[in-house]
Amino acid sequence: MHKKISYILFSLLFLPFLLKAQFTQFRDSIIQISGITMTADSLRAVPAVSILIKGQNRGTISNSQGVFSIVAFKGDTLTFSAIGYKKKNFRIPLALSGNAYSLLQLMVDDTTYLPVTIIKPYPSKEEFEKAFVSSDIPDDQYELARRNTEQAKLRAVSRYVPPDAAEATNMYFNRQAQNLYYAGQLPPQNIMNPLAWAQFIQAWKRGDFKSGSNKSYGYGY
């Protein structure tokens, strides 16, 4: 009984020293890792890199400049992972002195090779040839403009489309000017004008006076 009491008293006497030694060992094993993640080829900052402590459910992520900071224990392993880069592991050395360590982690590009994909809209070559021959290729803008500015189409459209405000104004002023020019005298007659007869003959050959020419002319929209 006396020996047991002595042992308890001896333990209580040295307990503060044991607790202080364990606290010192625990404090020395904690380390703060601060660093930056950069590309290995061009030394550009890599943002949004996930830094996890292996075997534990905690970690951090690098900011937009690639800077990160995390508290871990000496001997832990940090895993760096990011989309488009190979995964990297860094084991914190046990022999580090102090409670702070700076780290520059280089990330290497990870190239993913996908299998070749061949897109076939038609099941066979014969189906493709049939669809290609029967396909309706729309006209381009230049073809539409050329078709809409043909002289025959413009002449035909001018016969049925009423003039706009500017054209009607010009026609009115031209008629007024002609009436004022021949005021007090008879206007000339084009019955003996050879140029008027030449224009009449050309219009007759074109078929401008045929009754079947009242057909609709569509625009190439």
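A salt bridge is a side-chain nitrogen of Lys or Arg within 4 Å of a carboxyl oxygen of Asp or Glu. Keep that in mind for the first view, and remember throughout that this is a predicted model.

**View 1. E143 and its partners form salt bridges in and around helix α3.**
Let's start with E143 and R146, whose closest N and O atoms are 2.6 Å apart, so this pair passes the 4 Å cut-off and forms a salt bridge. Both residues sit in helix α3, which covers residues 141-148, and they are three residues apart, about one turn of the helix. E143 has a second salt bridge, this time with R147, where the closest N and O atoms are 3.6 Å apart. That pair also lies within helix α3, four residues apart and again about one turn of the helix. R146 has another partner too: its side chain meets that of E150 in a salt bridge of 3.4 Å, N to O. Put together, E143, R146, R147 and E150 are linked in a network. The count for the structure comes to three salt bridges. As for the general idea, side chains of opposite charge can pair when their charged atoms come close.

**View 2. How buried or exposed are the four residues of the salt-bridge network?**
E143 is partly exposed, with a relative accessible area of 24%. R146 comes out at 44% relative accessibility and counts as partly exposed. R147, at 28%, is partly exposed, and E150, at 33%, also gets the label partly exposed.

**View 3. Three strands make an open sheet in the order β4-β1-β7.**
The pairing here is mixed, and you can see that by following β1 (residues 30-39) to its partners. With β7, strand β1 runs parallel, and eight bridges join the two. With β4, strand β1 runs antiparallel, and seven bridges join them. Now look at the edges: β4 (67-73) and β7 (100-107) each have a single partner strand, so one side of each is left without a neighbour in the sheet. Neighbouring strands of this sheet are turned by 30° against each other on average, direction ignored.

**View 4. Zooming in on β1 shows who stands opposite whom.**
Which residue in β4 is the bridge partner of I31? Look for A72. On the β7 side, I33 stands opposite Y101, while G35 has L103 as its bridge partner. While you are looking along a strand, here is a handy rule: in a regular strand the side chains alternate between the two faces of the sheet.

**View 5. Four strands make another open sheet, in the order β3-β2-β5-β6.**
This time the pairing is antiparallel. Strands β3 (59-61) and β6 (88-91) stand at the edges with a single partner strand each, so one side of each lacks a neighbour in the sheet. From one strand to the next, the twist averages 20°. In this sheet, β2 (residues 50-53) and β5 (residues 77-81) pair over four bridges.

**View 6. T79 sits in strand β5.**
Is T79 buried or exposed? At 15% relative accessibility, T79 counts as buried, because buried means under 20%. Across in β2, L52 stands opposite T79. The side chain of T79 also makes a polar contact with the side chain of N89, at 3.0 Å. Leaving aside neighbours within four places in sequence, T79 is in contact with several residues, including S50, I51, K54, K87 and K88.

**View 7. F68 and F80 meet edge-to-face.**
The structure holds six aromatic pairs. In this one, the ring centres of F68 and F80 are 5.6 Å apart and the planes are at 70°, so the pair is edge-to-face. F68 lies in strand β4 and F80 in strand β5, so the pair ties together parts that are twelve residues apart in sequence. Both partners are tucked away: F68 is buried at 3% relative accessibility, and F80 is buried at 0%.

**View 8. F128 and F132 form a stacked pair.**
Here the ring centres are 6.2 Å apart and the planes are at 25°, so the pair is stacked. F128 and F132 are four residues apart in helix α2 (residues 125-134), so about one helical turn separates them. F128 is partly exposed, with a relative accessible area of 43%, whereas F132 is exposed at 57%.

**View 9. W197, F200 and W204 form an aromatic cluster.**
Ring pairs link these three residues, W197, F200 and W204.

How values were computed:
Residues numbered from 1 in each chain as written. Predicted model: local features only at pLDDT ≥ 70, side-chain atom pairs only at ≥ 80, totals over all residues. Heavy atoms only, no water. Pairing = 2+ DSSP bridges. Axes fitted to C-alpha atoms, helices over the stretch in contact; angles between N-to-C directions. Buried < 20%, exposed > 50% of the residue type's maximum accessible area, 1.4 Å probe, protein only. Polar contact = N/O pair within 3.5 Å; in protein donor to acceptor, adjacent residues only side chain to side chain. Contact = heavy atoms within 4.5 Å. Phe/Tyr/Trp six-rings, centres within 6.5 Å; stacked < 30°, edge-to-face > 60°.
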